[in-house]
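Biologist: I'd like a close look at a single part: the aromatic rings and what lies around them. Could you take me through it slowly, and spell out each term as you go?

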Amino acid sequence: MHHLPEGLPISRRQLLQRSGMGLGAMALAGLLSDDGLQAATTNSPLSPRAPHYPAKAKRVIHFFLNGGPSHVDTFDPKPALKKYEGKPVPNTLTTERKTGAAFPSPFKFEPRGESGIEVSELFARTAEHIDDIAVVRSMYAQVPNHEPSLMLMNCGDSVQPRPSVGAWILYGLGTDNQNLPGFIAMCPGGLPIKDNENWQAGFLPGTYQGTYIDSQHRDLDRLIANIEHPHIARTDQRRQLDLLARWNARHRAVRDDDRLDARIHSYELAFRMQRDAAEAFDIAREPEHVQQMYGEGVHGRQTLIARRLLERGVRYVQLWHGAGQPWDNHDNIADNHRRLAGQLDQPIAALLTDLKQRGMLEDTLVIWGGEFGRTPTVELTGDGKPKYGRDHNHYGFSVWMAGGGIRGGTVHGATDEFGFAAVQDRTSVHDLHATMLHLLGFDHEQLTYRYAGRDFRLTDVHGHVLEDIVA
C-alpha cells in the first residue's frame, strides 16, 4: 500500500482506492487496456450512452454564420420592403446603431421544391434541398450584441457561464469513436468572437469541451498541433503514459477533482488520435468527384472533413465561417453577403446530397444560422448617409434544420411584414435547443447536471419542442 500524506486519516474507501485492486487503479487500467493502443469504452467518460427514448438523430453538424446573416436576404422574403423603399418603416424598433428607410433585398427570391418555400438566390444550391429543410422564421434573441447572443445560441445563457450545446450533447450521449474527439469546432483562420467560450464545457467535466481545429491548414500537423511526437517512438510513448497513469491513480485516490480526470483522458485521447486522426482528416482519400462536389475552398474542405468525422462516430461538429464575425455586414451587404454565401452554398448543398446518398441524412441533424439577424432598414453613417448594409437585429431572424427527424419542406413562424420582429409562433433559443435535444432522444427538462446545489440544464427553466417541424 502506498503511504498516505502525514496526518491524513484513512477511510475504507481510501483503503480500496490505495490498494492494488483499488477502484481508481481499476478505472485507469480499463482506460489503458486493449493492447495498449485504444482505451476500453467501458470506463471512458465518452462511452456511448442511451438517451431517454429512441432518438431520431444520432449526430449534429452546425453551420454557424458568425456575425449574423440577414434573414430578409436569405430565407425570409419581404416584398413590402420594396413598396416602402426609401421610406420610413411604420414599425421601426430600437436598434444598436442608427438606421433609416426600408432597404429591400438586392437578391431575388424564388419558390423552390414541391413545398414552394421561397429562398434567396444567395443559397440557390442549398434551395435544391428545401423539401428536406424546415425553416424557422420566428427566432428571437435577447440583445443586439454579438457576445451575449453568441453565448445564448451556443451555451443557452447570454450572461452566466454555461456549458455549450455540444458539451451537453456529449455529456448525454457520449461518442461512438474513442479515438477521436466527440465534439469538434472548426473555424478557419482563427477564433470567433468569445473564442473558446463558444464550445466550453462550463461546469460539466472538462472532457466534454469542444476541440478546436483551424481548418485553414491542409497539413495534419498544422490542423492538429502536436499530433505526432517529434522524438519518441509510439511504444515509448505508451510506456510513459502507463507510468503517468499509475502516478495519476495514486494522486487521484485522495482527491475528487474532475479536472484531473479530464487531463488523464486528454493524454490518452491525444495518443490514440495519432493513429486515427490522420485518416479521418485526409480528404485526399475521397474520390475526386466527391472532392469536386464540395468545392476547392476552405469551406468545401472543412465540410467534407466534417462528414468524414460524423461517419466515424464524432457526435457534434460545428463549422464556423471564419475568425471574428465575417457575416457582420454593416455596409455594402449586396457584395459582402454574396461573397460569403458563395463560399458556403456549394459545400452545404454537397453535404446534404452526400449524407442522403450514404443513408446518413435521416439520422444526422443539420443546422444553419447565426447569433441573430439584421435590420430591414438601412444602416446610416454618422452624418445620416446610407451605408447599404444592415444593423444587428435580435427581434426576429431565421435558422433552418434538416435531416435527423426534421419534417422537411416546412416553415415555422413568421416575422412581421417588414421582417423586423417575430410575431407568429415566436421561437426562443431555448425552444431551438429543446427541439435539438428532443430529436437526439432527450427530454430537455430531464437532461441535467448537479452543480452548486442545483440541477442545471441547457434550457434553464424554459423551452418548448417545435412539434410542427418534427417528423
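**A closer look at the rings**

Modeller: Let's start with Arg454, whose charged end sits over the ring of Phe456, 4.2 Å from its centre. "Over a ring" has a strict sense here: NZ of Lys or CZ of Arg has to be within 6 Å of the ring centre and within 35 degrees of the ring normal. Keep in mind that this is a predicted model, where local features need pLDDT of at least 70, side-chain atom pairs count only at pLDDT 80 or more, and totals for chains, interfaces and linings use all residues. Residues are numbered from 1 along each chain as its sequence is written, and side-chain values use heavy atoms, with hydrogens and water left out.

Arg426 does something similar with Tyr140: its charged end sits over that ring, 4.0 Å from the centre.

Back to Phe456, which belongs to one aromatic cluster with Trp168, Tyr171, Phe203, Tyr208, Tyr449 and Tyr451. To see how such rings are matched up, you need the pairing rule: rings of Phe, Tyr and Trp (its six-membered ring) pair if their centres lie within 6.5 Å, and planes under 30 degrees apart are stacked, over 60 edge-to-face, and the rest tilted.

How many aromatic pairs does a search of the whole structure find? It turns up 19. Take Trp168 and Phe203: they are 6.3 Å apart, centre to centre, with 80° between their planes, which makes the pair edge-to-face. Trp168 lies in helix 5 (residues 165-173), while Phe203 is in the loop between strand 6 (183-186) and strand 7 (211-213), so this pair ties together parts that are 35 residues apart in sequence. By the way, helices (H or I, at least four residues) and strands (E, at least two) are DSSP runs, numbered from the N terminus.

Are Trp168 and Phe203 buried or exposed? Both are buried. Buried means under 20% relative accessible area, exposed means over 50%, and partly exposed is in between (1.4 Å probe, protein chains only).

Next come Tyr171 and Tyr208, another edge-to-face pair, with 5.8 Å between ring centres and 75° between the planes. This pair also links distant parts of the chain: Tyr171 is in helix 5 and Tyr208 in the loop between strand 6 and strand 7, 37 residues apart. Again, both Tyr171 and Tyr208 are buried.

That loop between strand 6 and strand 7 has another resident to look at, Lys194. Its phi is near 75°, a positive value in a residue that isn't glycine. That stands out because most residues other than glycine have a negative phi. As for its surroundings, Lys194 counts as partly exposed, at 24% relative accessibility.

There's a similar case by the strands at the far end of our cluster's numbering. Ala452 sits in the loop between strand 18 (448-451) and strand 19 (454-457). Ala452 isn't a glycine either, yet its phi is positive, about 55°. Unlike the buried rings, Ala452 counts as exposed, because its relative accessibility is 71%.

You may wonder about cysteines too. How many disulfides does the structure hold? Zero, where a disulfide would be a pair of cysteine sulfur atoms within 2.5 Å. Cys155 counts as buried because its relative accessible area is 2%, and Cys187 is buried as well, at 0%.

Finally, let's step back to the whole chain. Its secondary structure comes to 12 helices and 19 strands. Of the 471 residues, 55% count as buried. Then there's the question of who touches whom, where contact means heavy atoms within 4.5 Å. Among contacts with a separation of 6 or more, residues 24 or more positions apart account for 76%. The ring pairs we walked through fit that picture: one ties parts 35 residues apart in sequence, and the other links parts 37 residues apart.
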